[in-house]
Each structure stands twice: as structure tokens, then as C-alpha cells.
Amino acid sequence: MSTFTANLIFSVLFVVFGATRGFLGNGDKFRRKVSVELNPGLTPPWVLPPGVGLVHVRGLGLNDTLHFLLCNAGAPALLMVHTNSTQSVVQVDWPSFINRSSAGSLKVEPQSSVQYSSALVFTRVWEYDDVNNTADPQQTAESSFYPPYELQNFLWSDLNETLDQSGLTVKLCGGERTESFLNGSLCLQFSAFESVGRDQPWPSLHHNANSSQLHVWLNGVTPRGNHSRFALEFQSVGDSGFQGRVDVHSSIDDEYTPSIFKVSQWVSSPVNQSGVWGYNQWKPVAYRKAVPVFEDATPCKHSQLVSMKRIPQSRLVQAYFTEHPQTHGLNISFGIDKDPVFYSDTKYISWTVLVGMGEPPADSFSTLIIIIITVGLGTPLVIIIVGGVFVWIRKRRSHSSGYEPIN
Amino acid sequence: MAERREYEGLLDEDEDDDGVPRHLFPLCDPTHLLHRILVLVFMCFLGFGSYFCYDNPAALQTQVIQDMSLNTASFMQLYAWYSWPNVVLCFLGGFLLDRVFGIRLGTIIFSLFVLLGQIIFAAGALANHFWLMNLGRFVFGIGGESLAVAQNTYAVNWFKGKELNLVFGLQLSMARVGSTVNMNVIGWVYGRIEAMLGSTGHTTLGITLMIAASTCLFSLICALILGFLDRRAEKILHKEQGRTGEVIKLTDVKDFPVSLWLIFIICVAYYVAIFPFIGLGQVFFIEKFAFTTVQARAINSIVYIISAPASPLLGFMVDRTGRNILWVMLAVITTLLSHMMLAFTFWNPWIAMCLLGLSYSLLACALWPMVAFVVPEHQLGTAYGFMQSIQNLGLALMSMAAGSILDLKGYLFLEVFFIACLCLALLAVVLLYLYNYYKEGELNLSASARASRIKSENGHQLRDGGPRHREQKPLLENKTKEPGLDSAFTHQDEMDLLERRSAEEEHQTSQTIMCLSDGGYELQNHQMVTDMENNITVNTHPLESTVLIIQHDWRDFLQTQDILEKRSPSPPSLSSDKMSTSI
């Protein structure tokens, strides 16, 4: 009997814990073995222009592989290819890649194993003079816009130095040869992940092994006006047969991004089917300092998704996508209506996006909150139950005694 | 003669002796209802300024943070500095008003502090010095809470007996009106100043706060007028200045029963989850629920708006049913539910905030009177003073903690923190219930059970009636010399009530019985003295008159409990805070 009770208790506890763990969304605990290489297969005499490189991050799963390719030849592009074999490799035909980047000069072999591929290209940085302080580039007149910075014309610092093999990150910093970028630069940091986790710095996006993170920031760039605000233009290139949309979800958890209760997701799903095959996920917040505190956060907005006619000027994308790829474009703008703080106040603005495949990861509560709630609600509940039993027992005992004291 | 005069107060329009001048206009006649209504108007507006200005930071949260370049933790210091002086002043307020300044001068001084504090606060914004703003709030805090005590003392002095509950209710409603008006109006004022000046910034903020200080000036004028009217009435009616009647003896703290300490924990843990939340609520609603600023301000003030009408109703209900602990438990659980709704769901926050308003009113009605049940009368002043003091201490600390939590971890974590505090309060309530059950205390009795318990206690008194008579006599005469908590309300022991009633019965004054529930204390006391002089015993009453006696006793007991609960925590304590006694 006692073993039966013990078994019952254990099974109940097991079920409860399993349920809570499922609720916590810890289901995506799978791991990948991630390796990073620079310019795979590049041998002299072929040489890339200074500061330009191709980073290949290979995430090996149990029965599939996820390739990330980051290249800043032309506009910086992040290409993600998912194959269902563990033996897939990236093959670059360097001569044609360097000279003309003709279609097909970059391949993932075996081509039949490629399940899904899409690319996120960072094309322009827009700057506009926000005279009315609306922080809405859609409503601002075209005349207020300064000529945009075309990232395909940027000069980048050496990739080799900023490649971190153990931390699985690589940083690209660069700018134009104009006076705006004399004291500052635009930087991108790409991070790959082996398993579930969260980055320390805000916005601490929750990632899993199927995602990678792109952190973009403008540091020290001289604004061309006192009321300048910035917007970033991104383009997404993918195979035909997929459609893209931007969803904005509400989230009750703002632990890691105080006062931000939304999550934006730019997802790509096949036409006529449900299910999300690839995503770009971000929180609509940008930070005005490198190590931000609560007040340094500023909301950011995204524009409508627009279909583009031409493929962006990125060698990587032009080399990879052979058959009529589709391009969509989106602007991310920073600031809020009547925001008294402009870019010129801190000369820093940063934004982070998570790029990955499959369903976008869902946020979950931190352990601390779970513990507080459990202990906080559990203790009075336990005492209520125990006390209730105690009171009930006493009442029964006093009833059964048969005597009512006459007082 | 003098003390009897005091007891008779201003109700006796039939008393024609001592030549109360009858040739005054009704409005100028201190005994006439119209004059007292005039005084009531000034009394209500006395606290308006401090309530209006107390929640200025909450209503202007975004502007203050932006214009003074603060983070939330620094912003919450504005509230913390208000609470700090009141940790000590709760003990001293009554003493200062009774012994040092007197009610009239004391009220004027405290109004001056309120005005000065708000001016310093505004000046700090104009000069862009945040430390000066904190200093302003500190000075404002010195005046604010004590002004509430003074307001109550005036009320008791002028309206003791008949309309006291109504007056307290009105004062409370005015307090709530002040807070609500502030929440909804000051933002608009800021917008107008901004339009005038063309930009935001600390100057705009400073000018807005200076305009808010005009309400404090208005309150000061009311205080001056009240002082004048009170002095005039005193000269005409030959009555004494009102006294708060509080006796604070810190050594009593060691005698506090366990129940009282549990009540303290409930009080602190509960209000910590209300007032800092309202202080930070506006931006929460804007960010999470995408409210506009105007909507966010409106929903933030709904707690006050609801508590104004709900408090008297809920107070009536709690009085009629008793069982205070269960009501407190219900209030805590409802607040817990409403915080959980706000934290973990996106449901319409109006539901949660209305629930919050109702449960907040319910708790105030049920919690504060419990102190009077567990503590003997001579310690009530100390108990309430201590309760307010630690409440202010808790609020000062937790306001700053809430600000820091928000800065580091966001709103969800802040809500979880509030939920944890409420769970602590719930734990304390449950323990209090069990302890009370175990000790067979009277905190959770129904109204009828309480009445029967009083009856049985009075029965004991009845049986040994003789000696008590002699005890009562000197007690009565000492009333005015020793400002016990009772003197203000002429509330003697329940035994006295019984004897008084029985004495009435003996004289077959059925009319006096009728107006008893309205508090014809004074008359009774008068009778009482006569009866005792005539050595009336109370042993020879038929059953039904005893029942009638009990009924009247109970009603009076309820009334005194009402008064006690309302006056204790300087009810319309400004700060919409702590003194939530604001029922």
C-alpha cells in the first residue's frame, strides 16, 4: 500500500513537472554542432578585395544541416540554407564569384538535399530630417530624406580579425569614405548558436539551434541634421513558391525588454500551405547606448512589406539564386512620435534580429518568476488547506463531544 | 460646566442658556445648520490641495522622467520622500496638534508646509535640480499627513455625534475627487503650457507644478478661514478647541498581541501592492495595452473614483455582517486576481482596475476596525500611529524598490513582485484567521455573535453594578483633562452605554432612545451624571427593555467603531495612500 501511494505521488509529480516543462516551452532543446570557416576553398591566386569575405557557418544536426553564409561583397547578405543531409557542403566557384558572381557560382551540394533557402540582405541606411517630430518616415516628405547610404559601396574592416571561432561570432564594421563616417561606423555582428539560450545584452532574444542573430548598430556616425532619424532597409530574397508576411504578436513577458510587449516576425511560408519555414524575428525596440538602461530604449516601427522587382546588389544572393527568386523589402525606422531624443543626442542606435528556419522560437518565463509565483501562491494555498483540515477536525471533535459550554 | 458644554456640542438648538446670541443670521450662527455646512465646505477643501498635489508625479510620469532625465527608480524617490517624514510624524501629529500648536494654528502651519513643499517642488523643476524636488516632496509630506489628522479633528469637533459619519464620508470623497481631478487635469494643463512655450523641458514642468501649487494656496486660505470661524464659534459658544485625543505611548508596543502584528503585516503588504502600482500605472497601460495618455490617466484614477462611493456601502455591509477577517481575505484574493489578470493576460484592464478599486475599498472598511477589536482602548492611539508609521516606512522603501525593479526587469517582473507581496498578505490573513479561531477571538464573529458577546459581557457588568457606578463617576469628570481616545467622541465603555440606556429606560424617555442611533451622546451623558448622582441601580429591568438596551448599545458600538476606523488613520490621508483608512 505504501509503495502504491509512493508510486502514485511520484507519477503525479512527474506529470505535473512534465506539464510545466512543456508549458515553459523547453521543447526545442536539440543541439547542433557548429563550425565556422572563412572563404571556404579560396586559394591564391584568387583574392578578394580587402575587407570582403565569405563566412560559412555550418550547423550539423542529427539528420540535417543548417548553413549560414555571410558575405559583404556588395550589400551585406545573410543566406540560410537548410538541407536534409549531414554531408552537405558549400562549393564556391571563386573565379566567377569574384569577377562576375554569375548565378550558380555558389552552390550547396548535393543540390537535391536543399529543403529551404532564403537570404536577408541589408541594402541601405536611410536618414531623414524629422522636422515635425513624428518619427514616421512613411509620412515624411521625400524632400526631407537625405541621400541614403548604399551599403554595397561601403568599405569594410578586415574580417579575419573579428572572426571568433569559439564564440561563433563575426563582426563587420565599415562605412563610406565621407565625412559622416569619419568618426564612426556601421557594424553588424553575426552570431550562431548551438542550442537554446539567450544573449545577455538586451534585447536578449530567445534563440535555439535553428536560429542565428544579426546585431546592427550605428556608432558615432555624424548625422546630417539636428533632427535626423535613421531607418534601415532590408530585403529578403527567397525561392518562388513562398510568400512573406509580417506578424506582430503580443507577449506578456517583458522581462528582457522592459516595457516592450510585442514581438514582430517576418515569416516566410509556402504558398497554399500552412506552417512557417523561415523567419526573421525581432522585438520592436532599439537602443541608444551600447550598454543600455531602461531609458535608452526607443520603439521601432516597420513599414509595409513591398515586393521588389530586382534582386539586391549582393554578390552572394546573385551567385546563389538561379531560378527567378522573389525579393521583398522592408524598412525598420527608429523613434516614436514626439520623441524628444534624436540620434544626435547619443550618436548610437542598435537593433537586433533573429534569423532562422522553422517556427520562430517562443519566449518563456524565466525560472525566477516561476519560482516566485509557485512559492508565493503555493504557501498560502498549502496553509489554507492544512488550516481548513485542522478547523474541520476541531469542529467535528467539538460537535461529537455533545456538550455546548453555557457561557 | 465647561465640559458638559463641550459634550453638548453644537447640536442642541433647544439649549437656550448662556445667552447664545439669537440675533445672528443663520449663516453666521455657529449653532445653525447653514453655518456648519459652510464650515463643512471649507473643511472639505482643506485637504483638496494636498490630495491634488500628492499624485502630480504619477499623472505626469512620462513628462517628469523626460524633462528631468530620470530613470524610474529616481522618479519613485518623489514618493519615497513623501513617506519618510510620516514614519515619525504619525506618532507626533496628534501630540503636536493637541499640546503644542492647538488645532487652529496647527492646521494653518501644516497647510503652510503643504504649500511650501509644493512650491519648492516646482522650483526644483524650474531650476532643474532634482534634489530640490525631493526636498520639496519631503516638506510636502510633513504637512500632508498631519493636515489630514487636523481635518478629522475639526470634523469631530464640529460634527460630533449626529452627522459625523456623513462628514467623514464627504471628506473622503473630496479627497478622492482631488486625486481624480489631478489625474485627469494636470496633464491637460501641461499640454497647454507646452503649447504656450513651444517646447517641453523642465521649465514647462516647473510652471505646471506652480499652477498646481495654487490649489495648495487655496487650501491654506481655507485653513485660515476655518481657524477664524472656529475661534469665532469658540468665543460665541464658549467651547474649547478640538483635540485629537490621541495618546501615544511607545512602550505599549511591547504589549501588542500577535493578532495586531499580523494585521500590521497585512496592512503593509497590501498597500505596497496598490500605491506604487498607481504611481507607475500610467506608462504600464500605455505600453502594454496601447492606451492613449488620456485613457491611461483615466484608468489609473478609477481606483479612487470607485472607492469614493464604494467605501460607505462596503463599510455598511461589513458593519452589518461582521466577519472582518473573511472580508479581508476576500479583498486580498480579489486584488491578487486583478494583479494576475494585469500581469498574465491582455484582457481589458478596466475589469481588473474596477476589481482593484472595489477590493481596496473593502479592505479599508474591514481591516482598520480590526485594530480596535484586538487592542484595549488606551492603546488604540499607539496602535494606529504605529500602523501608519510602518505603512509609510513600507511604502517609502517599496516605492524605490518598485522603481528599480521596473528599470532592470520590466513590468511583468514588477507585477510578479506585487503578486508576491499580496501572497504575503494572504498568508498573514490566513494565519490571522487560524490564530483567531484557535484563540476564539472576536475578529471574525458575525455581527449578531458580537452583539451577544457584548451582551454577555454587559451581563457580567450588570451583576456587579454597584461598584461600577462609583467607578464611572470620576471617570466622567476626568474625561476632559485626559485626552483619551474617547474624549473626542465621548465614547466610554460599552458598560456606560448600557447603564445609560437603562437609565433612560427608567425615566421612560422613549424619545431619547429613538435619536440614540443618531448619537445623542451628549444628552445621555447629561442624564448619566444625574442618574449616578441619584444612585439608580440597573438591576430591575424587564426583559424586553434589556433587549432594546442591547440593540441600542450595539448600534452605538457600531457607530463608534465607524468613527474609530475613520479617524484613526487620518482617513482621507492624502496620499491616497496609506491612510487608506479612507473607507
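Chain A is divided into two domains: domain 1 takes in residues 3–23 together with 367–398, and domain 2 covers residues 33–357. The C-alpha centres of domain 1 of chain A and domain 2 of chain A lie 48 Å apart. The model described here is predicted.

**Contact between chain B and chain A**

Chain B brings 34 residues to the contact, and chain A brings 30 residues. About 2,800 Å² is buried between chain B and chain A, and carbon and sulfur atoms give 75% of that area. Polar pairing across this interface comes to 2 residue pairs in polar contact, both at pLDDT 80 or more. On the side of chain B that touches chain A, at least two residues each are supplied by α12 (275–289), α15 (324–344) and α17 (380–439) of chain B. The largest share of that side is from α17(B), with 20 residues. Sorted by class, the side of chain B that touches chain A has 24 nonpolar residues, 6 polar residues and 4 charged residues.

How many salt bridges are there between chain B and chain A? The count between chain B and chain A is 0. Over all chains, the structure holds 14 salt bridges.

**Side-chain pairs within chain A**

One of the salt bridges joins the side chains of R229(A) and D130(A), with an N to O distance of 2.8 Å. R229(A) belongs to strand β16 of chain A, while D130(A) sits in the loop between β7 (114–129) and β8 (149–150) of chain A; the pair links distant parts of the chain, 99 residues apart.

Aromatic pairs number 51 over all chains. Among them is the pair of F230(A) and Y343(A), whose ring centres are 4.7 Å apart. Why is this pair edge-to-face? The planes of the F230(A) and Y343(A) rings stand at 70°, and an angle over 60 degrees counts as edge-to-face, so the pair falls in that class. F230(A) lies in strand β16 (residues 228–238) of chain A and Y343(A) in helix α5 (residues 343–346) of chain A, so the pair ties together parts that are 113 residues apart in sequence.

**Backbone geometry in chain A**

The model has cis peptide bonds at P110(A) and at P203(A). The table gives their omega values and places.

| Peptide bond | Omega | Place of the proline |
|---|---|---|
| E109(A) to P110(A), cis | near -5° | P110(A): loop between β6 (106–109) and β7 of chain A |
| W202(A) to P203(A), cis | near 10° | P203(A): loop between β13 (197–198) and β14 (206–207) of chain A |

Another backbone feature concerns K347(A), which is not a glycine but has a positive phi of about 55°. Where is K347(A) found? K347(A) is in the loop between α5 and β24 (348–357) of chain A. Helix α5 of chain A is also the element that holds Y343(A) of the aromatic pair with F230(A).

Conventions. Residues numbered from 1 in each chain as written. Chains lettered and ligands numbered in written order. Heavy atoms only, no water. Contact = heavy atoms within 4.5 Å. Buried area = accessible area lost by both parts, 1.4 Å probe. Salt bridge = Lys/Arg side-chain N within 4 Å of Asp/Glu carboxyl O. Polar contact = N/O pair within 3.5 Å; in protein donor to acceptor, adjacent residues only side chain to side chain. Helix = DSSP H or I, 4+ residues; strand = E, 2+ residues; numbered from the N terminus. Nonpolar A, V, L, I, M, F, W, Y, C, P; charged D, E, K, R; others polar. Domains from an automatic or database assignment. Phe/Tyr/Trp six-rings, centres within 6.5 Å; stacked < 30°, edge-to-face > 60°.
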